[in-house]
Amino acid sequence: MTDDEFRPKLGKIGSRGSKAGKRFAGQVRAAINRAGGRPQRGGRFTGSRVGRGGAAAALLKSRDRYAAFRQRRVMVKARVVKLAGKGVDGARAHLRYLQRDGVTREGEPGGLYGADSDHVDGKAFIDRADGDRHQFRFIVAPEDGIEYDDLKPFARRLMAQMEEDLGTKLDWAAVDHFNTGHPHTHIIVRGKDDCGDNLVIAREYIASGLRERAAELVSLDLGPRTDREIEQRLCQEMEQERFTSIDRQLLRMRDADSLVSPASGDAFRQTLHQGRLRKLERLGLVEEARSGHWHLDNDLEATLRRIGERGDIIKTMHRELTGKGLARNAADYVVDDRSGAPAQPVVGRVIARGLADEINDRHYLIVDAVDGRTHYIDIGKAEATTEAMPDGCIVRVTPRNTEPRQGDRTVAEIAAAHGGRYNIDIHLRDDPSATERFAETHVRRLEAIRRATGGVEREPDGTWAIAPDHLDRVSDYERHRARAQPVVVDRLSSMPLEKQVGFDGATWIDQELVSDTPEILRNAGFGREVLEAQARRRQWLIAQGLIHEEQDRIVYRANMVSILRHRELTRVAGQLSDELDLPYTEAQTGNRLQGTLRRSVELAGGKYAVIQKSREFTLVPWRPMLDRHIGKEVSGTVQREGISWTIGRQRSGPSVS
C-alpha cells in the first residue's frame, strides 16, 4: 500500500470505538484546547482563533491585566490584501510609495530591509509573491517610538517573535517612517508559510496578539510605565479632542439607564473622569441628567474619532503649507468629505500628495485652489490614482459622476425593445447610423460592469441579458468605482505657475486668458497669485505681438494658443530629431499613423507620444492607456477629437480610442 492510499478498517455494528480511537479523540480535544479553540459554555463559534497564532493570542489575552496596564503602548494596524488580478500591481505601487522621498529623519527615501539585510530588493520581493493568494500589511507604531534612534532592531525582534508564535518562517520586508510625529514601521508579509502553503493567521492574533508582543518588546527596551508617566498621559488625554482611553472607560461605566457617575473611591480617577466629562460637555457630547450623573451621546465614539481625524488633517495641511513657505489662514482650510468628494470641481496647485490611510492605501491631495482656499481631498486607492502629481502642477479635481452614461441608456433602450437582449448586431439593426466600432464601446462597458459587480450576464453566444433595472445596476457599479476613486484628477499643467509667465509655448495661463468660461479667481491665496501671473503674462504676450490693447481692452490673436503650441512642439521636435537622428514629420488631420511607440515627452501644453517610423518620427497627444504599450507597434487615424489607436501589427487587433 502506498503512502497516498487510505484503507479504513470497519468496526463491529454498535461498537462505541476502541480505546485507541478514544485516545485519539482526546488528543484532538486537547489540541483544540491548547490552541484556545474551546468555546465557552453557551457561546458560539466565531472563528477568531482559526489559523496560526490562536494559542499565543489566547495566552496573551489571559495575562495579568494590571501588568499589561503598565506596559508601553503600541498601535498596530493590519490588513490582508488579495493579490489576484491587479493586486500585484497595487502591491508594487504600495511598495514604491513606502520608499518615497522624505520619510527618514534626514528627509531621504525610505530604505527597505528584512530579517538579515538592511537593503532588500523590492522588485525581487514582489516577484517572489507572484502567484500568492494574499499578503499581510502591518503598521507598528510604538507610542514612545521617538525614543528609538533606529527601529530596525525592534522590528526584527518583533518578527522573530511572530515567527515563533505562528510556528513558521516568514518572508517579510519593512520600511521605517519618521516623517510624522509618531515614528512607525510598515511591514509587508507574504501570504505563504515555510512549506509554501497559504499562510492563515488567527484573527485574534492579528487583532490583539501582535500588539501585545510589540508592547512587551518596547517595555523591555524602555522599561514599564511608571505611575507618574501613566498619570501624566491620562491628564493630557483629559483635554484632547479625540477618542481617548478615558472615553473608553466612561463607556464601560454606563449603567442600565445609559448614565455615568464619576463617583469612585479613587480620588485621582474621580477627578480625571469629572474633568473629561466637563470637556465632553463643552463639545456637546454629554449632558448632566442630574447632579453627578451624566448621559453620554450614543455617537460619542464615532464623533470623537471624526474630530480627531479632522484635527490630524489640519495639522498635516499646516505642516505642508509652512514647509512650502506659504502663509494661509486656517479659516480657509477645507477638508472635503472622505466618503465622497468636493461638492464642486477644485482647480489649483498641488501642494502635496500623501497617504490618508496607510493601511488601506488611500491617498490625499492638498490643493491650493483659485478660490483662495486650501483643500484636503481624498483621491482614493493607489492603483486607481497611479498618475504622478508633482508638487506645483496645476490640476482640476472633479467629483466622480455616479449617474448612468448615455451609452448605458442606449443599451437599456435597445434591450427593452428586443426582449431584454443586447449585442452588436442588434444595436446595428436598431440604429443603422451607428458604426460597429461605436457599438463595441458599449460591449466593453458591459464587460467592465460584469467583472466588477456581476450586474449583467453574458450568454455563450455573446449576447447580453439586460435586466429591466439595468440603469440602477449601472449606478451601483459607478458607486462601487467611486469608493476606490471618489474623484477624477485632471492634470492641467505640469509647469509651475511662476515658470509659465515667460515661457515660449502654450501654457495653462494662456488657456485661461482666451477661455469663454475662465475659472473664477478670488483675490486671496493662490487666486491672487494667478491674477498677478496673468497680468505679467499679458505683458509678455504684448511683447511677442500676440495680443494688443485697443480702446482700453485686450485683443488676442485668434490663433494665439496654436501659435505658442506649435513653437514649443517644433522646438522639442528639433531636440528629439538630434537625439533619434531622424527627421520630424508633423501629424496632419485625416492622415494614418503607423510606427513604434517609443516613449512620451512632457510639454507645457500636455503629454505627447513619440511615434517612430523607419525613416522619420512624429509627435501626437498622449492617452493614459498607452502607458502599457511602449515599445509596441501602433497605428491610428488622426482626427480632430483625437486618435483611434490600434495596438500591434494585426489589422483586427485591439483598438484604443
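Biologist: In this predicted model, which helix holds tryptophan 508?
Modeller: The model is a predicted one, and its positions should be read in that light. Within it, the place of tryptophan 508 is in a helix that covers residues 508-514, and that helix is α17.

Biologist: Is tryptophan 508 buried or exposed?
Modeller: The cut-off for a buried residue is a relative accessible area under 20%. Tryptophan 508 has a relative accessibility of 6%, and therefore this residue counts as buried.

Biologist: How far apart in space are tryptophan 508 and glycine 605?
Modeller: Along the sequence, tryptophan 508 and glycine 605 are separated by 97 residues. Tryptophan 508 also touches residues such as Val347, Val370, Ile394 and Leu497, when those up to four places away in sequence are not counted. For the pair with glycine 605, the distance from C-alpha to C-alpha is 7.3 Å.

Biologist: Which residues of the largest nonpolar core touch the most other members?
Modeller: This core has 32 residues, and elements that each supply at least two of them include α2 (54-61), β1 (74-82), α6 (152-166) and α7 (203-222). The largest share, seven residues, comes from α7. The members that touch the most others are Met162, Val189 and Tyr205.

Biologist: What is methionine 162 in contact with, leaving aside its neighbours within four places in sequence?
Modeller: Methionine 162 is among the core residues that touch the most other members. With the sequence neighbours left aside, the contacts of methionine 162 are Phe138, Leu170, Ile201, Tyr205 and Leu210.

Biologist: How many residues does the second, separate core have?
Modeller: This second core is separate, and its members include Ile394, Leu497, Leu513 and Ile547. Of these, Ile394 and Leu497 are also among the residues that tryptophan 508 touches. The number of residues in the second core is 19.

Biologist: Is histidine 273 buried or exposed?
Modeller: Histidine 273 lies in helix α10, which covers residues 267-282, and touches Ile246, Gln249, Leu250, Met253 and Pro262, not counting residues up to four places away in sequence. Because its relative accessible area is 6%, histidine 273 is classed as buried.

Biologist: At what angle do helix α9 and α10 pack?
Modeller: The contact between these helices is made by Ile246, Asp247, Gln249 and Leu250 of α9 together with residues of α10 that include Arg269, His273 and Leu280. By class, five nonpolar, two polar and three charged residues take part in the contact of α9 with α10. The axes of α9 (residues 245-252) and α10 are 10 Å apart, and the helices pack at an angle of about 95°.

Conventions. Residues numbered from 1 in each chain as written. Predicted model: local features only at pLDDT ≥ 70, side-chain atom pairs only at ≥ 80, totals over all residues. Heavy atoms only, no water. Core = buried A, V, L, I, M, F, W, Y, C linked by side-chain atoms within 4.5 Å. Buried < 20%, exposed > 50% of the residue type's maximum accessible area, 1.4 Å probe, protein only. Helix = DSSP H or I, 4+ residues; strand = E, 2+ residues; numbered from the N terminus. Contact = heavy atoms within 4.5 Å. Axes fitted to C-alpha atoms, helices over the stretch in contact; angles between N-to-C directions. Nonpolar A, V, L, I, M, F, W, Y, C, P; charged D, E, K, R; others polar.
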